[in-house]
Amino acid sequence: MIDHQFMIASSQRQMPTVLRYIAAMICCTLVASATTHAQPAASGAIRGIVVDDSGKPIEGAEVMLMQRRLRARTTSDGSFLFDRTENGKYTLEVRHIGYRPITGKTTVKDGPAEVRISMTRAPFSLPSVITVASRGGLSGVIADTGYRPLPGVKVSIQGARVLTETDSAGAFYAAVAPGRYLVVLRRSGFARQIISVNVPKDTGRQIAAWMVPEKKDSDPRQGAMLFDQLMRINAATAATSRFVTREDVERLGTTDLRQLGASASGQQVSPDCPVAENGDPKRTLPLWAIAPKDLEFLEVYWSNGGGTAARAQSKLANVGGLQGMTGNLSAAPAQPCAVRMVIWWRK
């Protein structure tokens, strides 16, 4: 279902009369000399532009051509191109940080398909800032977009089994062990916010975050997905799971999510394996279609074969809400989708 403007127009240049006559003669000659040879499908291209609600081009939006496993980034004028595309129907998925993702369809038929995509901005949010703290553990200060401290913000540190709350100055502290965490901020009247953080062994971390006012309640399904994630992380073991934060992605500089999955699990990962978006197993993308730089947090789960580890991982899938995804956690490493991956998008 498309809930944003997605305008599609196909075009084909008309050949002059002389050229049409020559083309017809060539075609007839080919048919006469080789009537048993099938004609190849005509090819074209999909080209377009991505703009915002005001019509301003959006640079750096990621456009995915799902049937061809192709990705493209829009240029400074918002344009993109997929060339040498055969006739047929195609699905395009477009996303960019700060905008709502959009999905649409187009058709290539004997010429280029021209597409104009209009993206709607997501609720405005200031990026969080994470700095080194001399004190161990995790601390922070939470404010609204007017830089006023927010007391009473519930701070859930997924994986540390910590739920705390900001004081009158908007500050909190949690004595968590070194590790990789997804921090969830919740307060009535504000949009829920998630922040990934690495807490190292030798120092602590401090978060500065700004929450966006929101009249309606935050998406209840996302709340359910975060609860499922909490169950998965609490049941996970170091032998069958890894977690990757935005800081890890920036430090590694990888542009291929499959590399992250293979490096974490030590197993081969098919580019077509489904990856759950924002923890939702009913909404998945193929692994190849996800750019690591757009991730806030990544969960990777796998099985090391039979025995206790496989049984624990099977239980993990049932507890953590991943049973709706395809793939078999107890499968041999050589089989595709033996690794299950869950992503949480950057906002």
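**Figure 1. Leu65 and Leu70 face each other across a strand pair.** In this predicted model, Leu65 stands opposite Leu70 in strand 4. Strand 3 (residues 62-65) and strand 4 (residues 70-73) run antiparallel and are joined by four bridges; two strands count as paired if DSSP finds at least two bridges between them. Helices (H or I, at least four residues) and strands (E, at least two) are DSSP runs, numbered from the N terminus. Four residues lie between strand 3 and strand 4 in this hairpin, and Arg69 in the turn has a positive phi of about 55 degrees. Residues are numbered from 1 along each chain as its sequence is written. Because the model is predicted, local features need pLDDT of at least 70 and side-chain atom pairs count only at pLDDT 80 or more, while totals for chains, interfaces and linings use all residues; side-chain values use heavy atoms, with hydrogens and water left out.

**Figure 2. An open sheet of four strands has antiparallel pairing.** The strand order is 12-11-14-15. Strand 12 (162-165) and strand 15 (193-199) are the edge strands, each pairing on one side only. From one strand to the next the twist averages 25 degrees. Strand 14 and strand 15 are paired over seven bridges in the antiparallel sense, and Leu182 stands opposite Ser196 in strand 15. Helix 2 lies across strand 11 (154-158), strand 14 and strand 15, running at about 40 degrees to strand 11. Axes are lines fitted to C-alpha atoms, for helices over the stretch in contact, and angles run from 0 to 180 degrees between N-to-C directions; contact means heavy atoms within 4.5 Å.

**Figure 3. An open sheet of five strands has mixed pairing.** The strands follow the order 17-20-21-18-19. Strand 17 (241-245) and strand 19 (280-286) stand at the edges with a single partner strand each, so one side of each is left without a neighbour in the sheet. The average twist is 30 degrees from one strand to the next. Strand 18 (residues 274-277) and strand 21 (residues 340-345) run parallel and are joined by three bridges, and Glu277 has Ile343 in strand 21 as its bridge partner. Helix 4 (residues 257-265) packs on the sheet, touching strand 17, strand 20 (295-301) and strand 21, and its direction makes about 45 degrees with that of strand 20.

**Figure 4. The second largest pocket is lined by 20 residues.** Its space is about 420 Å³. On a 1 Å grid over the protein atoms alone, a pocket is an open set of points where a 1.4 Å probe fits, with protein on both sides within 12 Å along at least five of seven lines; lining residues have an atom within 4 Å of a point. The volume is the space filled by probe spheres set on the points. Nearest the pocket centre lie Arg180, Arg242, Phe243, Val244 and Asp248. Two or more lining residues come from each of strand 14 (179-186), helix 2 (220-235), strand 17, helix 3 (246-252) and helix 4; helix 4 gives the largest share, four residues.

**Figure 5. Confidence varies along the protein.** The mean pLDDT, the predictor's confidence in each residue from 0 to 100, is 80, and 77% of residues reach 70 or more. Helix 1 (residues 17-33) has the lowest confidence, at a mean of 39, and strand 13 (residues 171-174) the highest, at 97. The pLDDT is below 50 over residues 306-313, a stretch with eight contacts in the model beyond near neighbours in sequence.
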